[in-house]
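User: I would like to go through this model by question and answer. Please keep the replies short.

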Amino acid sequence: MKVSRFIQLSIMMFLEFFIWGGWFVTLGSFMGNNLESSGAETAMAFSTQSWGAIVAPFIIGLIADRFFNAERILAVLHLMGAVLMYQMSQASGFSEFYPYILGYMIVYMPTLALVNSISFYQMKDPAKYFPYVRVFGTLGWIVAGLIISFVFKWDAAENIANGMLSNTFMMVAIASAVLGLYSFSLPKTPPQNKGGALSLSEILGLDALKLLKDRNFLVFFMSSVLICIPLAFYYQNISPFLTELKVENSTAWASLGQVSEVFFMLLLPFFFKKYGFKKTLLFGMLAWGVRYALFAFGNSGDLFFMLILGIALHGICYDFFFVSGQIYTDSKAGEKYKNAAQGLITLATYGIGMLIGFWVAGQIVDKNALADGTHTWQDVWLFPAIFAVGVLILFGLFFKNETIKYKA
């Protein structure tokens, strides 16, 4: 790949995830402090990610794959996102805020697939080059957190109390406008199914449902949906949790999870080849249980290291389960159903699984709310810890070990 093309794609990926990390991490704290939202309302806001993931296949399948160049759709969606982000920054109540965040996630979630499509189309060997482009996305997420904590200090306790977190949406609105305009300069990525007919089942990946006849894949599929419930607890509650414990630079600390994601992504091929698919997934699920136990019993004082260790486990939790799962799905589906199978897993996890997870997390948080607005976080975190261990046991008992080759 040409160096100029690599730089183009890397900037695109950096901005794509800078945008997501620039507001999503602090959303929980913003909802509680700026909008005085309940746990259920916060769950509704986070659930818009899942609704966006459910709608995304229609936008990609019906529009991007058939009619328009991917880079142009990416541009239009991010320009729309910039307007919606600005409106979110001006909202003063949940009822005013919710329609904008729902609209935003519906236009943003499809862009995750579009940046991948644009990158893949420009690469003769995606397995070789894509990781080097994708890592800039993780760097973008990390930089967003560092800017919030160390440059503007919007997540400092005093600034949160003064409503400064609304500025994160303004920052992201500017970044969205920049990426929207920049996208028009990206390499041309024409429709991949121009003029071709697509059925609803193809768009949603439902053609891959026949893979569920395989008992192992069915166990994996159900485990993937269930493990998204603990995952939702992390995304929804990590910022309010650290904020209530008065942890300074909480957004920067939270970005440590993305730093570990880079490290464990590099470690994954070795672990996968040495221990196999089943043990890799079991290790990932065990990490979910351990991290939430660390959150439950740690504090911002002498046991602060437990909170940091819990955040740092994000790389194992995400890479060892979700990335390994994508590899497993790819190997089971074969060439005919490869795209459909990946679409089905994405719909099931980021769509259905996390939709359920955000709702459950909201209910648990509300049940553990105290009169002064704080929460009994130990009880909140013990629920996903126990739940993750339960999923681990079910997967360990019912999934029969099989040999899967690692393809990166």
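User: Which residues make the nonpolar surface patch of about 460 Å²?

Analyst: The model is a predicted one. Its nonpolar surface patch covers about 460 Å². The residues that make this patch are Val389, Ile393, Leu394, Leu397 and Phe398.

User: Is Ile393 buried, partly exposed or exposed?

Analyst: Ile393 sits in helix H15, residues 377-398. Its relative accessibility is 45%. Buried means under 20% and exposed means over 50%. Ile393 therefore counts as partly exposed.

User: How many salt bridges does the count come to?

Analyst: Side chains of opposite charge can pair when their charged atoms come close. The rule asks for a side-chain nitrogen of Lys or Arg within 4 Å of a carboxyl oxygen of Asp or Glu. One pair is Asp214 with Lys332, and another is Lys332 with Glu402. The count comes to 2 salt bridges.

User: How many residues apart in sequence are the parts that Asp214 and Lys332 tie together?

Analyst: In the salt bridge of Asp214 with Lys332, the closest N and O atoms are 2.8 Å apart. Asp214 lies in the loop between helix H9 (200-204) and H10, while Lys332 lies in helix H14. The pair therefore ties together parts whose separation in sequence is 118 residues.

User: Where does Glu402 lie, and how far apart in sequence are the parts it ties together with Lys332?

Analyst: Lys332 and Glu402 form a salt bridge, with the closest N and O atoms 3.4 Å apart. Lys332 is in helix H14, and Glu402 is in the segment after H15. So this pair ties together parts separated in sequence by 70 residues.

User: Which residues are linked in a network of salt bridges?

Analyst: Lys332 pairs with Asp214. Lys332 also pairs with Glu402. The linked residues are Asp214, Lys332 and Glu402.

User: Is Glu402 buried, partly exposed or exposed?

Analyst: Its network partners come out at 29% relative accessibility for Asp214 and 23% for Lys332. Both of those count as partly exposed. Glu402 has a relative accessible area of 22%, and the buried class is under 20%. Glu402 is therefore partly exposed.

User: Which helix gives the most to the lining of the second largest pocket?

Analyst: The second largest pocket holds about 590 Å³ of space. Of its 30 lining residues, the closest to the centre are Gly32, Asn33, Glu244, Gly373 and His375. Helices H2, H3, H7, H10 and H14 each supply at least two residues of that lining. With 5 residues, the helix that gives the most is H10.

User: How many charged residues are in the lining of the second largest pocket?

Analyst: The lining has 10 nonpolar residues and 14 polar ones. The number of charged residues is 6.

User: Which helix supplies the largest share of the lining of the largest cavity?

Analyst: The search of the whole structure finds 1 cavity of 30 Å³ or more. The largest cavity has about 80 Å³ of space. Phe24, Val25, Trp141, Tyr234, Tyr235, Ile238, Ala254 and Gln258 line it. The largest share, 3 residues, comes from helix H10.

User: How many nonpolar residues are in the lining of the largest cavity?

Analyst: The lining includes 1 polar residue and no charged ones. The nonpolar count is 7.

User: How far apart in space are Met12 and Gly180, C-alpha to C-alpha?

Analyst: Met12 is in helix H1, residues 3-21. At 0% relative accessibility, Met12 counts as buried. Met12 and Gly180 are 168 residues apart in sequence. In space, their C-alpha to C-alpha distance is 9.8 Å.

Terms used
Residues are numbered from 1 along each chain as its sequence is written. Side-chain values use heavy atoms; hydrogens and water are left out. On a 1 Å grid over the protein atoms alone, a cavity is a set of points where a 1.4 Å probe fits but cannot get out, and a pocket is an open set with protein on both sides within 12 Å along at least five of seven lines; lining residues have an atom within 4 Å of a point. Grid points are joined across faces, edges and corners, and a volume is the space filled by probe spheres set on the points. Helices (H or I, at least four residues) and strands (E, at least two) are DSSP runs, numbered from the N terminus. Ala, Val, Leu, Ile, Met, Phe, Trp, Tyr, Cys and Pro count as nonpolar, Asp, Glu, Lys and Arg as charged, and the others, Gly among them, as polar. Patches are made of residues with over 30% relative accessible area and no salt bridge: like charges are joined within 9 Å, nonpolar side chains (Val, Leu, Ile, Met, Phe, Trp, Tyr) within 5 Å. Accessible areas come from the Shrake-Rupley method with a 1.4 Å probe; for residues, only the protein chains shown count as cover. Buried means under 20% relative accessible area, exposed over 50%, partly exposed in between (1.4 Å probe, protein chains only).
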